[in-house]
Every structure is written in C-alpha cells, then in structure tokens.
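Hello,

Here is the structure for you to look over. My notes follow below it.

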Amino acid sequence: MPYRDSFDRPIEYLRISVTDRCNFRCVYCMPEEGVSFIPHEEVLRYEEIIRIVRVVVEMGITHIRLTGGEPLVRDGIVDLVAELEKIPGLDDLAMTTNGMLLERFAEPLAKAGLRRVNISMDTLKPERFHKITRLGSLEQVLKGREAAIKAGLCPAKVNTVVIRGLNDDEVVDLARLTLQPDWHLRFIEVMPLGEGIHWADDGVVPSTEIRAKVEAALGKLTPVHSSSGIGPARYYQLPGAQGTLGFISAITEHFCYACNRLRLTSNGRILPCLMSNHSIDLRTPLREGADDEALREIFKKAILSKPREHHLAEHTVPECMLPMSCIGG
Ligand code: SF4
C-alpha cells in the first residue's frame with residue numbers, strides 16, 4: 001500500500017531526473033547559451049538511483065518515470081532501464097524524452113524493459129520546431145516516435161506546450177493528428193518555471209480556450225479515461241478519433257487535489273512539489289552511509305511535507321530550473 005500524505009493522497013509515482021543536460025535549448029526551458037550544469041560528481045550515480053528505486057518501491061511507489069534534461073544523452077541509460085526493470089514490485093517504467101535520439105534507442109530501451117515514452121513536440125512546422133528547440137529537428141523526432149511505436153513503447157504520447165504567439169495557431173492541426181491511430185497528444189499550459197517565466201502572463205493559453213478552438217473546428221470532445229495514465233491530464237476524444245487528446249492545465253485548472261507524485265532531481269534532491277522551492281537532500285545521507293530505513297524516513301518526510309496545492313498563478317517561481325515539457329505524467 002502506498003504512503004499517504006497529509007491530505008490523504010496516495011503517493012505512488014516518482015519522477016527521476018537522470019541528468020540536467022539536454023541536446024535541445026527550448027525557449028521556455030533553458031537559455032540559448034551559458035547554461036550552468038550540475039558538476040558530474042554531484043549527479044546521482046546509476047547504482048544510487050537503483051538503490052533509491054528499490055527503497056521507494058518497498059514503500060508502495062509503483063510507477064517510475066525517467067526524465068532529464070534529456071535522459072537519452074546520459075551514457076548507459078539502457079543499462080539503467082534493464083536494472084530497474086528487474087526490481088520486484090515496480091509496475092510501470094516510463095520515460096519522457098525530446099525524441100531526438102529515440103530512433104536509435106527505442107528498440108534497445110523496449111528490450112531492456114521500458115514500457116512507454118512521452119515525447120515533446122510543440123509544432124508541426126520544421127522551421128518553427130527549430131526555432132523553439134534551437135537545436136532540434138522535427139523530422140528526427142517524428143522518426144523517433146515511429147521507432148517507439150514499432151518497438152512497442154506504447155502509448156507514445158506527445159506533449160505539446162502551448163504558448164500564445166508562438167504555436168497557439170497550430171492547436172487545431174495538432175489535435176487533428178489524434179484522428180489517426182497511435183496519436184495521443186496532450187496540450188500543456190506554459191508554466192513560470194525556468195525560462196517559462198518570460199511567458200508567465202501573456203503566453204498562457206488556458207485549456208478552456210484550446211478546447212473551444214478544437215471543438216469549433218473538429219467537433220465535440222468526449223471525456224475518456226486514459227488507458228495508461230495516473231497523471232495530471234484530463235483526456236478527451238474527437239468524434240471518430242482513434243487517439244486521445246489530453247489537457248494539462250497546471251495554471252488555470254490545477255490538479256493538485258489528485259497529486260500522487262514526488263520528483264527526484266539529478267543531484268539527489270527530493271521535490272515534494274514540482275512547483276515549490278522546497279526540496280530535501282537525499283544524496284548527502286546516501287553517500288554518508290544511510291541504511292535503507294534511514295532513506296525511507298527521508299522519503300516519508302518528503303511525502304508529509306507535500307503542500308496542499310501550488311501557487312504558480314501567484315508567480316511563486318522555483319529556484320531550481322526544471323524542464324517544462326517533462327511535467328506531463
Ligand atoms: S524542455 Fe526538455 S527538451 Fe527542451 S531544453 Fe528543456 S529539457 Fe531539453
């Protein structure tokens with residue numbers, strides 16, 4: 001049975017950032033130049049991550065998602081997946097990726113035991129894709145998505161951060177993709193995290209506005225349950241659609257009442273809430289020889305310190321920079 005926080009929410013999901021490095025520089029996440037990364041010796045080693053996952057699975061956490069930065073830029077990531085997959089009690093092992101390296105990694109990851117991937121893709125226009133990610137290629141990401149589906153990493157959900165004036169003119173075209181098989185897409189409201197602060201006011205496109213635009217063009221959306229989600233999205237389907245359309249509305253319709261997760265940063269800090277400055281150091285006790293019971297106590301403390309809800313709408317900006325597109329569950 002999972003532990004419950006002070007508001008009786010069961011905590012069954014841990015998102016682990018395996019690196020803060022990335023091969024993109026998305027405009028709402030990182031500056032183009034001069035990003036200061038965490039020194040290597042401060043980043044959790046794989047054996048430390050494996051031990052942490054063993055400990056939390058014994059506490060009832062059954063879902064693990066590997067994120068970054070971009071998880072596929074870290075050497076040995078397939079080996080990490082293979083080791084995590086062996087841990088008894090772990091029901092779901094997933095990854096959020098920008099997709100750039102997925103064509104090469106999809107099959108080895110699936111063979112190692114990864115179940116599914118979420119892929120970030122904010123536009124269907126190649127030039128705009130390059131403008132948003134600064135270093136990415138839409139063609140390559142689409143090939144990565146195809147490879148993921150072929151390898152069985154399904155559903156391969158696509159995360160789209162919507163920003164007014166940047167890509168909000170494409171929401172209908174993006175939603176239309178879900179009429180086809182294997183297209184599951186989620187629209188995410190831009191959040192004031194990292195470089196997202198620059199769009200904190202005018203850039204937010206409320207999910208209600210996106211839904212209205214999509215319905216006006218493509219027909220009424222019917223609410224559906226996600227087959228794989230225990231995350232923050234609300235899911236719908238267009239008339240005749242084979243895929244699903246999700247909305248992650250962290251700003252305008254927050255989902256804190258159902259929050260079931262913790263996050264572990266690449267330098268070993270537990271974030272009880274992604275959108276708060278509060279974090280708890282796990283790496284120091286881990287490296288100073290803490291036993292499993294002591295690690296469990298630290299996680300219990302983190303669970304009990306989860307706030308009731310975030311205050312992003314009031315612009316409480318976390319000091320720790322976190323990739324926005326990795327927020328979707
Ligand atoms: S949003 Fe994701 S893909 Fe883009 S720079 Fe940040 S970590 Fe990399």
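G113 takes a positive phi of about 120°, just after helix α3. Keep in mind that this is a predicted model.

Helix α3 itself spans residues 102-112. Its buried residues are L102, F105, A106, L109 and A112. Viewed down the axis of α3, they fall within an arc of 140°, so they line one face of the helix. R104 and K111 sit on the other side of α3 and are exposed. What do the buried residues of α3 pack against? Their partners are α2 (77-85), β3 (92-97), β4 (116-120) and α5 (138-151).

Next, the core. The largest nonpolar core has 104 residues. Y28, I64, L66, I77 and F187 touch the most other members. Helix α1 (residues 46-58) gives this core its largest share, eight residues. F187 has contacts far along the chain, leaving out residues up to four places away in sequence. Among them are T160, V162, V171, L174, A175 and I210. F187 also touches L245, G246, F247 and I248.

Last, the cysteines. How many disulfides does the structure hold? Zero. C259 is in no disulfide, and the nearest cysteine sulfur, that of C273, is 6.6 Å away. For C273, the closest cysteine sulfur is in C256, at 6.3 Å. That is too far for a bond, because a disulfide needs the two sulfur atoms within 2.5 Å. C273 is also buried, with a relative accessible area of 14%.

Best wishes

Terms used
Residues numbered from 1 in each chain as written. Predicted model: local features only at pLDDT ≥ 70, side-chain atom pairs only at ≥ 80, totals over all residues. Heavy atoms only, no water. Buried < 20%, exposed > 50% of the residue type's maximum accessible area, 1.4 Å probe, protein only. Helix = DSSP H or I, 4+ residues; strand = E, 2+ residues; numbered from the N terminus. Arc of directions from axis to C-beta. Contact = heavy atoms within 4.5 Å. Core = buried A, V, L, I, M, F, W, Y, C linked by side-chain atoms within 4.5 Å.
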